[in-house]
Amino acid sequence: MVITILVFLLIIMIAVAVVLFMKEANQKKALIKLKNTNQRVISLNVLQDFIEIIGSISTDSREKMAEINKALIDRYEIKYSTIVMFDGEKYKVEASNVNEKHYPMFEQLQSQDIFADSIRNATPKYITVNQGEKLPYLEMEFERAKSAIFFPIYTDNIYMGYWLIEGNKPHEFDNIDTTILDVVKNNLVSTERVVKNLRVLENISQVDKITGLNTYEYLFGTARKVIDKYPTSIVSLVKIINLKQAEDKIGKKTADSMISGVVEYTKNCLSPEYIMVKYDVDTLAIVFSGSDEEGVAKFLEAMKTSIERIKVRISGAATESLNGQAVAPKTNIVYTSYYKGTAIEIILRNLKEYLDECKPNESDVTCL
């Protein structure tokens, strides 16, 4: 009888142990799932940070990379993060929160056998140590890092460099979701490419010989540092509708004097943070940085009236009787709101399309 009771109790204990074991296993799975879910949420936040940083006012790629690196460190609670890019000739640390004395070491990681395979296969490499050991690539301060993940960076099958994250504990990244980090890594390339494209646009900008104004590409580079200080601005186009007629019937010299007179007058009326550029042959673009629609509308109405009172003396006309007489510019103006971070080039294109579709003699101030 006693033996039967003991066997029964043993069975109950085993059953309880199994239930507890299964419960603990399920809890571990739930915790891992929760951790992975949290990592995905963090990744979404990091990608949002990327978008905001890419759209910020600076066109300095190292400055943007430094901001992104800081976002990665803060979001993932990474101890050390280093981004190294290859320009075709040499490797250069673009961003790191490690002391600069270690930069030469980081710029030579591609020569380490343990990472060379990772680059060849385009796959991340995770390395760690046990207590008392050191990571093979470290040349000094062996206690600084005990775990590391190396991510080679490729875009369109072109090798760009690598991203290295380090932890100061052994096996620190054993359970991290490298797939998510791989997605984040790919966005590092997007940042570099966008910044380079912005810099190209900025460098394309030239100074118009007639007016002395920058061409419209200027708005995508240097000017954005001013415009995007504010959440909203007003963008306008001012078209001199009789400029081509003046050039055709009177002469280019008078037409040039007409647009130069309009620019000179307008420049003297604008605040230092308002930006005017030459948008087209007969069209000027003005960005009223941080201004409201009502105030700009009144300003443009007054500006239009004053511009059309300018008298441009005719000289060098084919018909001698016109020389010495005067002609006044006629304008058609359109404006709309611009929100920080949106595509200013699309806004300008829409304004230009509106002006092009207007009747040839339409002369007004219109809000779109």
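In the predicted model, His171 is partly exposed, at a relative accessibility of 36%. This residue belongs to the loop that links strand E5 (158–167) and helix H5 (178–204). The phi angle of His171 is near 60 degrees, a positive value in a residue that is not glycine. A positive phi value is also found for Ala122, a residue other than glycine, at near 55 degrees. Ala122 sits in the loop between helix H4 (113–121) and strand E3 (125–128). With a relative accessible area of 42%, Ala122 is partly exposed.

The protein chain as a whole contains 10 helices and 12 strands. Of its 368 residues, 43% are buried. The exposed surface of the chain comes to about 20100 Å², and 54% of this area is supplied by carbon and sulfur atoms. When contacts between residues at least 6 apart in sequence are considered, 63% of them join residues at least 24 apart.

An open sheet is formed by 5 strands, arranged in the order E7-E8-E6-E11-E12, and its pairing is mixed. The edges of this sheet are strand E7 (274–280) and E12; each has a single partner strand, so one side of each lacks a neighbour in the sheet. From one strand to the next, the twist averages 20 degrees. At the E7 edge, E7 pairs with strand E8 (residues 283–288) in the antiparallel sense, over 6 bridges. Within this pairing, Ile275 has Val287 of E8 as its bridge partner.

Strand E11 (residues 331–339) is largely enclosed by the rest of the structure, because 7 of its 9 residues are buried. A residue counts as buried when its relative accessible area is under 20%. Strand E6 (residues 232–240) is joined to E11 by 9 bridges, and the two strands are antiparallel. Val238 is matched in this pairing with Ile333 of E11, its bridge partner. E11 is also joined to strand E12 (residues 365–367), here by 3 bridges and in the parallel sense. For Val334, the bridge partner in E12 is Thr366. Between E11 and E12 the chain passes through helix H10 (residues 344–357), and the resulting β-α-β crossover is left-handed. In a regular strand, side chains alternate between the two faces of the sheet.

Two helices lie across strands of this sheet. Helix H9 (residues 293–307) lies across E6, E8, E11 and E12, and its direction is at about 160 degrees to that of E11. Helix H10 lies across E6, E7, E8, E11 and E12, running at about 35 degrees to E6. H10 includes Lys352. With a relative accessible area of 13%, Lys352 is buried, since the cut-off for a buried residue is under 20%. Beyond its neighbours within four places in sequence, Lys352 contacts Leu237, Tyr279, Asp280 and Thr283.

Another charged residue, Glu94, is placed in strand E2 (residues 91–96). Glu94 is buried, with 11% relative accessibility. Along the chain, Glu94 and Lys64 are 30 residues apart, and their C-alpha atoms are separated by 9.3 Å.

Cysteine residues were examined for disulfides. A disulfide is a covalent bond between the sulfur atoms of two cysteines. The search of the whole structure finds 0 disulfides. Two cysteines can be described by their accessibility. Cys269 is partly exposed, having a relative accessible area of 31%, whereas Cys358 is buried at 14%.

Technical notes. Residues are numbered from 1 along each chain as its sequence is written. This is a predicted model: local features need pLDDT of at least 70, side-chain atom pairs count only at pLDDT 80 or more; totals for chains, interfaces and linings use all residues. Side-chain values use heavy atoms; hydrogens and water are left out. Buried means under 20% relative accessible area, exposed over 50%, partly exposed in between (1.4 Å probe, protein chains only). Helices (H or I, at least four residues) and strands (E, at least two) are DSSP runs, numbered from the N terminus. Two strands pair if DSSP finds at least two bridges between them. A crossover is right-handed if, with the strands pointing away from the viewer, the path from the first strand over the helix to the second runs clockwise. Contact means heavy atoms within 4.5 Å. Accessible areas come from the Shrake-Rupley method with a 1.4 Å probe; for residues, only the protein chains shown count as cover. A disulfide is a pair of cysteine sulfur atoms within 2.5 Å. Axes are lines fitted to C-alpha atoms, for helices over the stretch in contact, and angles run from 0 to 180 degrees between N-to-C directions.
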